Amino acid sequence: MSRTALRICPLCEATCGLTLTIDDGRVTGARGDRDDVFSKGFICPKGAAFGAVDSDPDRLRAPLVRVDGELREATWAEAFDAVAAGTRPVVERHGPHAVGLVLGNPNVHTVAGALYPPVLIAGLGTRSLFTASTVDQMPKHVAGGLLFGDANAIPVPDLDRTDHLLLIGANPLESNGSLCTAPDFPGRLKALKARGGTLTVIDPRRTRTARLADRHLAVRPGTDALLLAALAHTLFDEGLADPGELAPHLTGLDELAAALHDFTPEAVAPACDVDAATLRTLARELAAAPTAAVYARIGSCTVPHGTLASWLVDVLNILTGNLDRPGGALFPQAATDRTPRPAGPGRGFALGRWHSRVSRHPEAKGELPLSALAEEIDTATDDGEPIRALIAVAANPVLSAPDGDRLDKALGSLDFMVSVDPYLNETSRHADVVLPPPPPAQSPHHDFAFNTLAVRNQVRYTRPAVPLEPGRMAETEILARLVLAATGMHGADPGAVDAMVIGQTLAKAVREPHSPVHGRDPEELAALLTGDNGPERRLDMMLRLGPYGDGFGADPDGLTLEKLLAHPHGIDLGPLRPRLPQPLKTRSGKVELLPEPIAADLPRLRAALGERPAGLVLVGRRHLRSNNSWMHNVPALTGGSNRCTLHLHPEDAARLGVRDGQPVRIKGAGGEVTAPAEVTDGVRPGVVSLPHGWGHDRPGTRMRHAAADPGANVNQLLDGSLLDPLSGNAVLNGVPVEVAPLTATVTKTFGALT
């Protein structure tokens, strides 16, 4: 019998509402939910392929446990017995930091991934935490932490009301947006232009987004921070810096002007390969626009000055008076945020509270660089124990981190490894225990993380569209049992994890003077929670304690889980609105424009004024039908233009003797790969582009479609030594490479890193 069910799409950051067609317990179709309060029917190819993703025959259906060197199917009880037997001796013998934890990108797309890893980290007490953030977005978190005192305070562009949008290193027509949750990002950009607004794109590639722009500046890769510094300098130099109503909330404005004195457009232009007059014009247009927003993403984060570039994005929004005002860049307010505390000084944000053991990389936001994972496993030092056991949750760092060959070998040397993953992939094949979550249709969905980055305040929740198949275990239960097994409580009721979190959260809330439940009995509050299970009770608690919540009866019209369930297409909470100074948690209680770590890193940026690449440099790219390494096993999402090819400009192809479609060898500091050449003027001369997430050619995996067309692992070109020093983020773009036809001998030397 055929029926329909609603489901929020978990396949990218756009979080579109879907209407699924279900026949005999199987998803057979997906279309956009026209009544969804946020996405209003928009759907992309990934969402349309939801059924194919959900029913991929290579998804694991039962746990795997390594016996006599081979992974074999096991019961859930046997799997968690093995987890406890493998992790606890490592902790007891070598200490908690000898257990590493790796969290991959899909965690932020699931309810379980939001609710349980923080409990696991706290329960283990390990500092050996690595996530996808340090190959992606950590500079944004560090910049937000230093400026605003909160690493999760990331302003987003008010796409629907801005008059001028400046995009840097972002391609939302392919990515659907990143750290800016916006269903139908393409439609929103077209609407900007239709109402007479201006779109400027800065990118070394002429992307689909760049082709839509009023102005495209093909900047030299890696020089984003220099370009932004020149824009900020111009605002000061020409008397255009006007924070307006932000002024009372700022500190360090005069010091900022002095710190940017040397970054004139004339000084910056040769390094960026963008003429000074254009830079001055762009700064003037930003200042003159009725409203404007600067938005930068992965291309500006994964470069040597990623944190400085992220900082300067916010600086430009501040200097033009566009931070925290409609049409500019604002701080979203998610329904599951804690009740806003009164404005005032906070604890601030600290970097480097501890360091990695081998290369002494400072932690950022509690994390160590993913690039350092291999050496933290395979290198002995006198300063602490190497990582001897690893828990990987929805992570495939063999493909997503630099120098996968070294990490591949390091994973094979571990005493014990557990992987939570639906596939036996390049990383999970090393695990001693693999715990497979069910397909997404069998899981609930609420966007805890992405709603904090949404361009409109709203809240939505969908229960599982399809019941759990026999033999499956809910992902929330898998992670709750993993917490228990890894922290010495193996065998306890998994509901105890949720009960513990609820008890701790409510006990804290009743002690906070600004809380709506101040002074009340936490046990009485816990008894009021609704929901079919522990995760739903936690969601109900978060909604009730949140900024729109009922405060457990304090506001009868406020939000609860029951009210949300009564609105299956979601509840619209209105456009973004100004919130300063409430979000600020700096020690001064103000936006600190020139934090000491930023000031200390500016000489390094100043030195970059004289750097020029001597040869080819590499940038990445992504495709609308892909998301990192975890969708290449779905035939509907591969092929066509979603191929692993090396883009290079016709001038470079002619100079190197490369023909379109010809295999070429690409060599970097970490190794070499081969890929077909795709000659195109969509990339600027001197730049080549290879997509990430490919390289599915290692033995021992069970991803048949991906293995049939494996592509090349671009991260193997990196040796992991190049990091943004403030954030620990890997430098993936603007790195020197050599390219030659596969039959030719490579004799060129590396160019200088920009």
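Visitor: Is Val-455 buried or exposed?
Guide: Buried means under 20% relative accessible area, exposed over 50%, and partly exposed in between, with a 1.4 Å probe and protein chains only. Val-455 has a relative accessible area of 3%, so Val-455 is buried.

Visitor: How far should I trust what I'm looking at, and what is the average pLDDT of the chain?
Guide: This is a predicted model, where local features need pLDDT of at least 70, side-chain atom pairs count only at pLDDT 80 or more, and totals for chains, interfaces and linings use all residues. Residues are numbered from 1 along each chain as its sequence is written, and side-chain values use heavy atoms, leaving out hydrogens and water. pLDDT is the predictor's confidence in each residue, from 0 to 100. Here 99% of the residues score at least 70, and the protein chain averages 96.

Visitor: Which stretch has pLDDT below 50?
Guide: Where pLDDT is low, the predicted coordinates should not be read in detail. The stretch in question still has 34 contacts in the model beyond near neighbours in sequence, a contact being heavy atoms within 4.5 Å. The place to be careful is residues 744-754.

Visitor: Back to Val-455: where does Val-455 lie, and which residues does Val-455 touch?
Guide: Helices (H or I, at least four residues) and strands (E, at least two) are DSSP runs, numbered from the N terminus. Val-455 lies in the loop between strand E17 (433-435) and strand E18 (456-459). Leaving aside residues up to four places away in sequence, Val-455 touches Phe-38, Val-156, Pro-157, Leu-159, Cys-180, Thr-181, Ala-182, Arg-188 and Leu-576.

Visitor: What is the order of the strands in the open sheet of four?
Guide: Two strands pair if DSSP finds at least two bridges between them. Strand E11 (215-217) and strand E13 (293-296) each pair on one side only, as the edge strands. The pairing is parallel, and the order is E11-E10-E9-E13.

Visitor: In E13, which residue is the bridge partner of Leu-167?
Guide: Strand E9 (residues 164-168) pairs with E13 in the parallel sense, over four bridges. In E13, the partner of Leu-167 is Tyr-295.

Visitor: Which helix packs on this sheet, touching E9, E10 and E13?
Guide: Its direction makes about 135° with that of E9; axes are lines fitted to C-alpha atoms, for helices over the stretch in contact, and angles run from 0 to 180 degrees between N-to-C directions. The helix is H8.

Visitor: Why do the buried residues of H5 sit on the same side?
Guide: Helix H5 (residues 117-124) has Pro-117, Val-119, Leu-120 and Leu-124 as its buried residues. The arc is that of the directions from the helix axis to the C-beta atoms. They are on the same side of H5 because they cover an arc of only 155°.

Visitor: Where is the cis peptide bond that leads to Pro-581?
Guide: Most peptide bonds are trans. Pro-581 is in the loop between strand E19 (571-575) and strand E20 (591-592). With omega near 10°, the cis bond runs from Leu-580 to Pro-581.

Visitor: Asn-176 is not a glycine, so what is its phi, and is Asn-176 buried or exposed?
Guide: Most residues other than glycine have a negative phi. Asn-176, in the loop between helix H7 (172-175) and helix H8 (185-194), has a positive phi of about 65°. At 2% relative accessibility, Asn-176 counts as buried.
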